[in-house]
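User: I'm new to this one and would like a short walk through it. Can we take it step by step?

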Amino acid sequence: MDRLLPLIVVVPLLGAAVLVGAGRRMPRLAAETVACACAAASAALACAALAGPATAVSWVGDWRPRDGVSVGIVLVGDRLGLGLAALASVLIVAVLTYSWRYFEEPPRGHAGAFPALVLLFQAGMCGFALTGDLFDAFVFFELMGVVGYALTGYHVEEARPVQGALAFGFVNSLGGYATLMGIALLYARTGELGMAQIGRRLDAAPGHDALVAAAFVLVVTGLLVKAAAVPFHFWLPDAHAVAPTPVCLVLSGVMVETGVYGVARVHATVFGGPGGIPADGTRRVLVVLGVVSALTGAVMCWQQRHIKRLLAFSTVGHTGLFLVGVGLLTPEGLSGTCLYVLGHAGAKAALFACTGILLARLGSVDERELHGRGRDIRGIGLLFALGGLALAGLPPFGTGLGKAVVEEQAAWLPALFGLVSALTGGAALRVAARVFLGAGERGHDERETAGGGEKEPETAGGEEEPETVGGEGEPETAGGEEEPETAGGEEEPETGHRIRLPPPPMVSVAVALLAGALAVGTVPALAEATAAASFAFLDHAGYAAAVLDGRATGGQPGHGGEWWTWSGAVLGLLSAALAVVLAAAAVVGLVPSRGWSAPLRRLHSGHIGDYVAWTMAGIGLLSLLTLW
């Protein structure tokens, strides 16, 4: 099975090369077919590798280590890494299926451009999930960043996508530079680039080392930027607001989770031994940033009316929950987080798929502009509502199972997870009620403010987002927010024209993604495999032994994994019920979605200079939490 690992990365790379080289002569149907075939082949290879040994190791060029020392490049396919590669590949297949003839007819000779970029993105994510070399992880990290920048600004003829792409590229480049500096410090300290080798060298001379602490902060900074954790998250809502909807499926569905995986991988393999960062320091960093991210994302999600930005801030909130689960540094916390990630990927991607149908059908993604206009596509409304309930943690969705498993690890976690789940799920349910049922008065709570009764002043930092601005002048940046009274108008559908009926591929993708989120919480074997994989993942010495010494490692024998408990199911039902209550209260105007969070909204200025300043502040915060 170790021979399959390079193919998981190479197949989408070759597919992209074919589309770039021959795409000018290919009709659109052929280009999209080639892309789907390559993505599906890579997904099948990743799933086949999951059926093999617990940890598959492939040394590129057969440069195997001797006496624990190597100079070769290694791919490591443990259960979690292969699972992430499989998830990324499946979502890429969903994206390519969803975008089948989604965009307007491309100019002659450009039929392969979008699918080639998507395949490159898949290769970057799979390579990042499987590499056992820190520098190669950086290379794949940058591949994801460059391609993500291009996909975000795919409509390069328009100003706003370019501005959003610049924010994406600039902030992620800063994160990449930080990671590269951290790798350089580790190389200076150990003379190695492989994760297992670095971990062993650090363990050979245990003790607190300021250089190692600095390297940890810098490496983790780049990964947290990719994960969109506060205060490194500002690029994400700007990118989602302007990126094509199929791109949003993969950005929120798996790319930010790749950053969380990177943090967990680097801790477990490099800094998790006696010569790395003390567990208390790592736990403090991840839990504090996780709590702040979860609460900030949930609050900002609730006050949005631009649906794509609403879902983007929901991703920030759930990223915070993922970081808390990983930061517990326990197999149970990691196992629950993995289940949560799987369920969230299906639910969030399905919500974006429904949002894309709204944009193609009605020419807008503004909650107030769409009030009651979705009555004739209530089937899509049902899917959107189910996605909102999944975000709220309703059993038996996988999000509810992952939430329940993590909540059992500490007494304070149910309050945090329940609040964030209720706010993000409630925001989605509020959209479903207003858009598809026409519930409430149009824009009723937009007149509410923290003081009540009056509209906010134009300097309050309120929205609306760039995509919904029509005729009143665009903000200077992609993330700049305008007040509701200046917003309005409609957007150009990404399909190039309005559609009367949602195409079957778009609907089927949304249904399949929700079915996948449901399957995560209803298949006990998946929870058992995730639990065993989590035990193996956190085995610092076992990873080095498998990579450098060829000794097999696996999960804890006989561990059956966490499954639904009565308390977990009840907490999931409570958070879902609270989400429904919040949505109903917002629809009738009892809970304003604006005004009370104006100070927090002002921080999201849309100016790249502010984002850079917050990134620098985040590095300082990481340093303080690590050394505290």
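User: What should helix 20 span, and how far apart are its end C-alpha atoms?

Analyst: This is a predicted model, in which local features need pLDDT of at least 70, side-chain atom pairs count only at pLDDT 80 or more, and totals for chains, interfaces and linings use all residues. Residues are numbered from 1 along each chain as its sequence is written, and side-chain values use heavy atoms, leaving out hydrogens and water. Helix 20 (residues 566-587; helices are DSSP runs of H or I, at least four residues, numbered from the N terminus) has 22 residues and should span 32 Å at 1.5 Å a residue (1.5 Å times one less than the number of residues), which agrees with its end C-alpha atoms being 32 Å apart.

User: Which helices do its buried residues pack against?

Analyst: They pack against helix 11 (279-302), helix 15 (398-407) and helix 16 (413-437), and the buried residues (under 20% relative accessible area, 1.4 Å probe, protein chains only) include Gly568, Gly572 and Leu582.

User: What comes after helix 20?

Analyst: Gly589 follows helix 20, and the phi of Gly589 is positive, near 90 degrees.

User: Switching topic, at what angle do helix 1 and helix 2 cross?

Analyst: The axes (lines fitted to C-alpha atoms over the stretch in contact, with angles from 0 to 180 degrees between N-to-C directions) of helix 1 (residues 4-22) and helix 2 (residues 28-50) cross at roughly 175 degrees and come within 8 Å. That makes the two helices roughly antiparallel (over 145 degrees).

User: Which residues meet there?

Analyst: Among them, Leu4, Ile8 and Leu19 in helix 1 and Val34, Cys38 and Leu45 in helix 2 take part in the contact (heavy atoms within 4.5 Å).

Conventions
Buried < 20%, exposed > 50% of the residue type's maximum accessible area, 1.4 Å probe, protein only. Parallel < 35°, antiparallel > 145°, perpendicular 65-115°, else oblique.
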